[in-house]
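Dear colleague,

I am passing on the structure below, together with some notes on what turned up in it. Please look through it before you read on.

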Protein chains: 2
Amino acid sequence: MTDSAPPLDFYFDFSSPYGYLMSEKIDAVAARYNRKVRWHPILLGIIFKATGSAPLTLQNPAKAAYSIHDFERSARFMGIPYRHPSRFPLATQNAARAYYWLHGQDCALARRFAHAVYRAFFVDDLDISSPDTVLDIATRLGIDREQLAAALQAPEVKARLKDECEQALAAGVFGSPHLIVDGEHFFGADRLPQIEHWLQTGGF
Amino acid sequence: MTDSAPPLDFYFDFSSPYGYLMSEKIDAVAARYNRKVRWHPILLGIIFKATGSAPLTLQNPAKAAYSIHDFERSARFMGIPYRHPSRFPLATQNAARAYYWLHGQDCALARRFAHAVYRAFFVDDLDISSPDTVLDIATRLGIDREQLAAALQAPEVKARLKDECEQALAAGVFGSPHLIVDGEHFFGADRLPQIEHWLQTGGF
């Protein structure tokens, strides 16, 4: 693959543990093969409503308990800090809207913001559903608080997130993390070795 | 770990693609750490009814289509032959009953039979729900057809399978493949690297 190869598409919800694990690894894996990654925060609430699914921790008690244990163990296995949030899952439309507004101005800053939101939730146990928490995270990155607060209420920003969710559904996305690499779909942080093999070999 | 370390418990349904992938690898992985594996065929129909779950391919269309693609791709990634069965999923009580009856007489033969059933389904596309197919597979391994045919109808053999399913539920099993290693649960063929790391390090 050359520098002109198209980016990978990375769909995730800011409340998704395996999405967080993927977010800590995918850019570096792609970069080893001269590939970039386009990040798409989406709302699993919309995806699950359309597809008739449910969060892992709201499924049967055995699977829910296992899932929380597996989030923590998978993080240790991948060398990523993780503390299961005390409020989980939660609504992430404020974080996602902030991401798209920032992305329109500064892609690199939007990427740093996305990492900061995920770490605030999965390391520092902050309530990222709250607009104030989202604004605090942004302010620490030098982003103008008032401008962002206004953007969170702007119809065009709300419409952008809705549109991204609809486009994700149309592309066949059914969960988080969901990667599309040259038309090939990979669901779950545990598909990272297959993604790397795919990038390395051009398909297998 | 020494030779006296307890065996790993491997729960699976003969109709489970990821169970098949695990079945082709787990004994060799365990053997590298001087561990043995106790195989437990179970019926996902009973497990899913108790836990309120459903087969991957009977979930939403996007996830169902992805799952079949992922079965095939994961098999290629793991170097295992795989052809998605034309009848899927199907009932596996005859195969599972045959396994437990054989296991009572010859553990090693029961293991060979289990491999043969999985490969008949996931490589040769045979209808392993049929008692005749199960008897054909057994006969090719030198097992007495008449005795096994009688065993498939024996109340004590039926009770053994029912009991194994209930014990699996009591142990917290919610799907296939499901491994328990020294009390630690691992769900899915994609957890094999974590299982190996666990065996190697004694926990992480």
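The notes below concern the contact between the chains, their symmetry and the salt bridges.

This is a predicted model, in which local features need pLDDT of at least 70 and side-chain atom pairs count only at pLDDT 80 or more, while totals for chains, interfaces and linings use all residues. Residues are numbered from 1 along each chain as its sequence is written, chains are lettered from A and ligands numbered from 1 in the order in which they are written, and side-chain values use heavy atoms, with hydrogens and water left out.

Between the chains, 26 residues of chain A are in contact with 26 residues of chain B (contact means heavy atoms within 4.5 Å). The area buried between chain A and chain B is about 2,400 Å², with carbon and sulfur atoms giving 54% of it; buried area here is the accessible area (1.4 Å probe) that two parts lose on being put together, summed over both. On the side of chain A, the residues that lose the most area to chain B are Tyr66(A), Arg73(A) and Phe77(A), which together account for 25% of what that side buries.

As for symmetry, a rotation of 180° with 0.0 Å of shift along its axis superposes chain A on chain B, with an RMSD of 0.0 Å, the fit being by least squares on the C-alpha atoms of residues with pLDDT of at least 70 in both. The two copies are thus related as by a two-fold rotation axis, and in chain A the C-alpha nearest that axis belongs to Asp190(A), 3.2 Å from it. Because 100% of the interface residues of chain A are also interface residues in chain B, the copies meet through the same surface.

Across the interface of chain A and chain B there are 6 salt bridges, a salt bridge being a side-chain nitrogen of Lys or Arg within 4 Å of a carboxyl oxygen of Asp or Glu. In one salt bridge, the side chains of Arg191(B) and Asp70(A) meet at 2.7 Å, N to O. Arg191(B) also forms a salt bridge with Asp190(B), at 3.5 Å, N to O. Arg191(B) is buried at 5% relative accessibility, whereas Asp190(B), at 27%, is partly exposed (buried means under 20% relative accessible area, exposed over 50%, partly exposed in between, with a 1.4 Å probe and protein chains only). Salt bridges that share partners join residues of both chains into one network, including Asp70(A), Arg73(A), Asp190(B) and Arg191(B).

With best wishes
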